[in-house]
Amino acid sequence: MKIDSTPYHYGSGFTVDGSQETTNRKPIGYHQYSGTLCQQSGVWSAAVNAVTQVVSVEKGNIMPYHSGHTINWQLMDYSISENIIQNPSAV
């Protein structure tokens with residue numbers, strides 16, 4: 001059985017044509033520290049005291065602190081809102 005790699009299908013049910021390199025997205029696994037401006041909308045995680053914290057942050061917002069401390073966040077998944085194509089006539 002042949003598996004075609006394009007278009008890419010994500011688990012969210014959305015189809016995205018093209019590769020990650022052409023979309024200017026940060027790669028999954030990208031790291032950012034608390035207090036910096038988020039560079040990629042998505043779901044972020046951080047391991048804190050053997051517990052994994054998970055948050056959704058939109059691009060341009062400040063990455064959250066944990067109990068007032070700076071932590072290192074890792075991008076787990078892209079924001080679903082980036083996969084929705086706006087109707088140009090509705091904008």
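**Exercise 1. Work out the order of the strands in the open four-stranded sheet, and how they pair.**

Step 1. Go across the sheet and you get the order 3-6-4-5, with antiparallel pairing. Here a strand is a DSSP run of E at least two residues long, while a helix needs H or I over at least four residues; both are numbered from the N terminus. Two strands pair if DSSP finds at least two bridges between them.

Step 2. Now find the edges: strand 3 (31-33) and strand 5 (51-57) each pair on one side only. From one strand to the next, the twist averages 35°. The axes behind that angle are lines fitted to C-alpha atoms (for helices, over the stretch in contact), and angles run from 0 to 180 degrees between N-to-C directions.

Step 3. A word on the ground rules before going on. This is a predicted model, so local features need pLDDT of at least 70 and side-chain atom pairs count only at pLDDT 80 or more, whereas totals for chains, interfaces and linings use all residues. Residues are numbered from 1 along each chain as its sequence is written, and side-chain values use heavy atoms, with hydrogens and water left out.

Step 4. Put the sheet in context: the protein chain has six strands and zero helices, giving the pattern β-β-β-β-β-β along the sequence.

**Exercise 2. How many bridges join strand 4 to strand 6, and which residue stands opposite S45 in strand 6?**

Step 1. Remember that strands of a sheet pair through backbone hydrogen bonds, either parallel or antiparallel.

Step 2. Strand 4 and strand 6 run antiparallel and are joined by four bridges. Opposite S45, in strand 6, stands Q74, and W44 has L75 as its bridge partner in that strand.

Step 3. Look at Q74 from the strand 3 side, too: H31 stands opposite Q74. Strand 3 and strand 6 (residues 72-78) also run antiparallel, with three bridges between them.

Step 4. Over to strand 5: strand 4 pairs with it in the antiparallel sense over seven bridges, and there S45 has V54 as its bridge partner.

**Exercise 3. Which residues make up the largest nonpolar core, and which elements give two or more residues to it?**

Step 1. The set you're after is one of buried Ala, Val, Leu, Ile, Met, Phe, Trp, Tyr and Cys residues, joined through side-chain atoms within 4.5 Å. Buried means under 20% relative accessible area, exposed over 50%, and partly exposed in between (1.4 Å probe, protein chains only).

Step 2. You should end up with 10 residues: C38, W44, A46, V48, V57, M63, I71, W73, L75 and Y78. Strand 4 (42-48) and strand 6 are the elements giving two or more of them.

Step 3. Check strand 4 for burial: five of its seven residues are buried, so strand 4 is largely enclosed by the rest of the structure. For the whole protein chain of 91 residues, 22% count as buried.

Step 4. Zoom in on M63. Leaving out residues up to four places away in sequence, M63 touches Q32, Y33, S34, G35, T36, C38, W44, V57 and W73; a contact means heavy atoms within 4.5 Å.

**Exercise 4. Find the aromatic pair in the structure, then the ring that has the charged end of R25 over it.**

Step 1. Rings of Phe, Tyr and Trp (its six-membered ring) pair if their centres lie within 6.5 Å; planes under 30 degrees apart are stacked, over 60 edge-to-face, and the rest tilted. Searching the whole structure turns up one such pair.

Step 2. That pair is Y30 with W44, edge-to-face, at 6.4 Å centre to centre and 65° between the planes. The two are 14 residues apart, with Y30 in the loop between strand 2 (15-16) and strand 3, and W44 in strand 4.

Step 3. Compare their surroundings: W44 is buried at 0% relative accessible area, while Y30 is partly exposed at 24%.

Step 4. R25 has its charged end over the ring of Y78, 4.1 Å from the ring centre. To qualify, NZ of Lys or CZ of Arg has to be within 6 Å of the ring centre and within 35 degrees of the ring normal.

**Exercise 5. Are N49 and A50 buried or exposed?**

Step 1. Place them: N49 and A50 lie in the loop between strand 4 and strand 5.

Step 2. Both count as exposed, N49 at 74% relative accessibility and A50 at 87%.

Step 3. Check phi while you're there. N49 has a positive phi near 50°, and A50 one near 65°.
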